[in-house]
Amino acid sequence: MKLTYHTMHDRRGVLLLLVLSMLTLFLMMGATLLVVATRARTASRSFEAAMSQPEVSPVVPRAVLDEALLLLIRGSKVAAVNAILTESLLGDMYSTDDNRVPFRDEPYDAFDGSNVFLTEIGEDGTVSRSAFQGTRTTEVDNDADGTADGVWLPNLHPTMSSTNGGSLSFRVSYLVLDLDGRVNVNAHGGGGAPAGPGMVDGSSLPAFGANGWNLIQQGGAAANAPDVEALRKPPVLGQDIAGRGGLVYDLRLDREAPRPATLTGADPQNPFTLGELERVLRPFDRDWSTLPPRLVSFLTDLDNSARRTVTTDSWDVTYKTGPAAPAANPPEVKFDLSQPLGKEQFANELYAAISANSIAGNTAATAQWCANVAEFREPASAAASMEIGGHPPVTGVKPGMNAALGTWTGGFESVADLLGVPKGSQSEIQTILDNPPSVLASLAAERPVILEAVHVPSRFTATITQDPNREPGRVNVNTCSEDVWNAVCGPDCPPKPAGAKQSLWQAIEGVIYTNPGYITPDVRALDRVRANRLGSSATVRSNVFAIWITVEVKDSALTASDPMCYRLFAIVDRSIPVNYVAGENKNVHETIRLKRFLK
């Protein structure tokens, strides 16, 4: 076919159009790359400005707040920082990097020079001591309640350059409240038997008003509701599980426990959460009304007693602590007095648990007392001769040998029950009984050691599937208020003992005997009900803390604005096992149960 002039001309036009289209495409791609590069440069400069100017964005203050929280938890490797922040939560618990035994060197927490991280608030709400106060002036209101509760600590964070040509400097303030010195609305129930955390009755606390405590235990329903079985029961009204020696609590409080789909869920068995506790602790912040309201609805006087006396989480560890704790890695668990062991094996394992590092050492008197404990544990059986700890065979003393020793039904409700077991052989004890007013003492000189080396598992133990060496519901009687002390100790309890107590024995010795005239405790004067209440619910250690941190950011540039403050709120539980090395993060974040940046 012969091509005409017009056909050839049309083809040359198409080729030109194709060339122009490709040139246009390249031009558009170049323009696009230019726009992307320009925007990236703008974003980068904006981010740099945000990192340097806290008044524009809280990126820098948040980073400083995070680091301030970690400094409080695990300390620093910088000597100058440790000279200011003289103690960390994990450093206080483990003492040194290579020590994995908690509370070995300092087995207690109280408002004293050995626990400078704690903030002390008096019965009237006044701040008696700020965290890390030393000679500094209390001038910072960390929790926004209108009362100064913290001191400024400079130089905890290095200075940074600002885009204004100056430098950013930081000051930090801490408010650290102990949550273990409070009534636990999940673990405490209000009376009944057997002994355990559920015996703590918070109905007398001002925080609950006339009937708030009863409504909490009943799940918020009216006190005269017809369907009582549908109401939330106190943990003490649990179930009888074979082999546990009595009632156990069926309310799960471990971290794997199911939580309500909504925090105002209708299921009355749902435990109260840290989110609900947060609303109790932070009533003065602007976001208060957005926090879960279920727990608050049962409380009164939120700006005072409720904030100081109520918690949803309190935890203690069941490791051997104090001077009786061997330098083991991992730490050894306390000897379980409820183990189903034969008499002789039980007596020998008890002897081994208390003889290491004991004040009295591996003595025949300790072996005799362990034999007595084994016989008190099984009072209905015949007394048996036992060889304990390599000493000559001994026969334990039965509780029924004299009415003055009281009536025993077997088993031990708490470690305090051991205080009712006399020391000595049957003839030695009878000689004392025949020659009053000689004191019939128990445990010899190693009471603090023994009570820290053994335990009766918490009634919650059957429900805990995670962290089995932690138990909920104990109250630090060193840091609790007088109102909480009365709830823990029970009716007609003597005043709370003064001063910091370094062991459970020291905390309870002054109030568990019916005759205060005895200087050396007498097993005949032991008030077993009160002793077991305190033995099951009291501790001298703290592990769960509510923490407020304020960071002041100051720009030295002439054109900078006034210093600005930023805040953080967190709840930390150091009873959660972590790998502690001073100044290193590792997995210490696992101790942070809740964290919130505040406006």
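Buried here means under 20% relative accessible area, exposed means over 50%, and partly exposed is anything in between. Keep that handy, because Cys480 comes in at 4% and so counts as buried. One caution before going on: this is a predicted model.

**The chain as a whole**

The chain runs to 599 residues, and 51% of them count as buried. Its secondary structure adds up to 14 helices and 20 strands. Take the contacts between residues at least 6 apart in sequence: 65% of them join residues at least 24 apart. On the outside, the chain exposes about 26,000 Å², with carbon and sulfur atoms supplying 56% of that area.

**Cysteines**

If you're thinking about thiols, start with the bond that is there. The structure holds 1 disulfide, and it joins Cys489 to Cys493 with the sulfurs 1.8 Å apart. The torsion about that S-S bond is about 70°, which makes the disulfide of Cys489 and Cys493 right-handed. Both partners are tucked away: Cys489 is buried, and so is Cys493.

Why is Cys480 not bonded to Cys489? The closest cysteine sulfur to that of Cys480 is the one in Cys489, but the gap is 9.8 Å, too far for a bond. A disulfide calls for two sulfur atoms within 2.5 Å. Cys565 is another cysteine to look at: with 45% relative accessibility, it counts as partly exposed.

**The strands around Cys565**

Cys565 also turns up in the strand pairing, where Glu552 stands opposite Cys565 in β19. Strand β19 covers residues 564-573 and is mostly covered, with 8 of its 10 residues buried. On one side, β19 pairs with β18 in the antiparallel sense over 10 bridges. Strand β20 (residues 592-598) also runs antiparallel to β19, and 6 bridges join the two. One of the residue pairs here is Phe569 with its bridge partner Arg596 in β20. As a general point, side chains in a regular strand alternate between the two faces of the sheet.

**Aromatic rings**

There are 9 aromatic pairs in the structure. Two of them are set out below.

| Ring pair | Centre to centre | Angle between planes | Arrangement |
|---|---|---|---|
| Phe117 and Phe545 | 5.7 Å | 90° | edge-to-face |
| Phe272 and Phe298 | 6.0 Å | 80° | edge-to-face |

Where do Phe117 and Phe545 sit in the chain? Phe117 is in the loop between α4 (89-94) and β1 (120-121), while Phe545 belongs to strand β18 (residues 544-555), so this pair links distant parts of the chain, 428 residues apart. Neither ring residue shows much to solvent: Phe117 is buried at a relative accessible area of 0%, and Phe545 is buried at 0% too.

The pair of Phe272 and Phe298 also links distant parts of the chain, 26 residues apart. Phe272 is in the loop between β8 (247-248) and α6 (274-281), and Phe298 is in the loop between α6 and α7 (305-309). Phe272 has 3% relative accessibility and counts as buried. Phe298 counts as buried as well, at 11%.

Elsewhere, ring pairs link Phe376, Trp408 and Phe412 into a cluster. Charged side chains get in on the act too. Arg377 lies over the face of Phe346, 4.1 Å from the ring centre. The charged end of Arg470 sits over the ring of Trp315, and the distance to that ring's centre is 4.1 Å.

**Two backbone oddities**

Now for a pair of residues with positive phi values. Phe132, a residue other than glycine, has phi near 55°. Ala144, again not a glycine, has phi near 60°. Phe132 lies in the loop between β2 (127-129) and β3 (153-154), and Ala144 is found in the loop between β2 and β3.

Are Phe132 and Ala144 buried or partly exposed? Phe132 has 3% relative accessibility and counts as buried, whereas Ala144, at 30%, counts as partly exposed.

Definitions and conventions:
Residues are numbered from 1 along each chain as its sequence is written. Side-chain values use heavy atoms; hydrogens and water are left out. Buried means under 20% relative accessible area, exposed over 50%, partly exposed in between (1.4 Å probe, protein chains only). Helices (H or I, at least four residues) and strands (E, at least two) are DSSP runs, numbered from the N terminus. Contact means heavy atoms within 4.5 Å. Accessible areas come from the Shrake-Rupley method with a 1.4 Å probe; for residues, only the protein chains shown count as cover. Rings of Phe, Tyr and Trp (its six-membered ring) pair if their centres lie within 6.5 Å; planes under 30 degrees apart count as stacked, over 60 as edge-to-face and the rest as tilted. A charge sits over a ring if NZ of Lys or CZ of Arg is within 6 Å of the ring centre and within 35 degrees of the ring normal. Two strands pair if DSSP finds at least two bridges between them.
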